[in-house]
Amino acid sequence: MKKLSADMEEIKSRIKDKDVFLFFDLDGTLAPIRKKPSDVKLSESVRVLLKKAAKVKGISLAIISGRDIKSVKKIVGINGIIYSGNHGMELEKNGRRK
């Protein structure tokens with residue numbers, strides 16, 4: 001499986017002048033599943049990648065989880081992205097609940 005980071009420059013060139021919305025699930029996608037949900041951590045390399053992607057013009061990022069938004073934000077900790085908790089029942093962008 002190729003890593004997103006390996007193709008970031010190509011991705012940037014392909015989406016130039018287009019709007020792209022990237023949705024990522026937290027548990028099992030961005031972070032490994034753990035026996036205890038409180039043990040889930042986002043690796044620093046994934047955090048850096050998400051921060052870089054969030055700064056690219058035309059890219060919007062959303063982190064989706066079955067967890068509540070407060071828990072997701074505590075694990076991910078990136079400002080300026082969209083958080084969706086409780087399988088979409090909660091939504092927050094720039095600190096504002098929708």
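Me: Is Arg67 buried or exposed?
Reply: In this predicted model, local features need pLDDT of at least 70 and side-chain atom pairs 80 or more, while totals for chains, interfaces and linings use all residues. Residues are numbered from 1 along each chain as its sequence is written, and side-chain values use heavy atoms, without hydrogens or water. Buried means under 20% relative accessible area, exposed over 50%, and partly exposed in between (1.4 Å probe, protein chains only). Arg67 has a relative accessible area of 17%, so Arg67 is buried.

Me: Which residue meets the side chain of Arg67 in a salt bridge?
Reply: A salt bridge is a side-chain nitrogen of Lys or Arg within 4 Å of a carboxyl oxygen of Asp or Glu. For Arg67 the N to O distance is 2.8 Å. The partner counts as partly exposed, at 24% relative accessibility. That partner is Asp27.

Me: How many residues apart in sequence are the parts that Arg67 and Asp27 tie together?
Reply: Helices (H or I, at least four residues) and strands (E, at least two) are DSSP runs, numbered from the N terminus. Arg67 sits in the loop between strand S2 (59-64) and H3, and Asp27 in the loop between strand S1 (20-25) and helix H2 (44-55). The pair therefore ties together parts whose separation in sequence is 40 residues.

Me: Which residues are joined into one network by salt bridges that share partners?
Reply: Arg97 pairs with Glu90 at 3.0 Å, N to O, and with Glu92 at 2.9 Å. Glu90 is buried at 18% relative accessibility, and Glu92 is buried at 6%. The network consists of Lys73, Glu90, Glu92 and Arg97.
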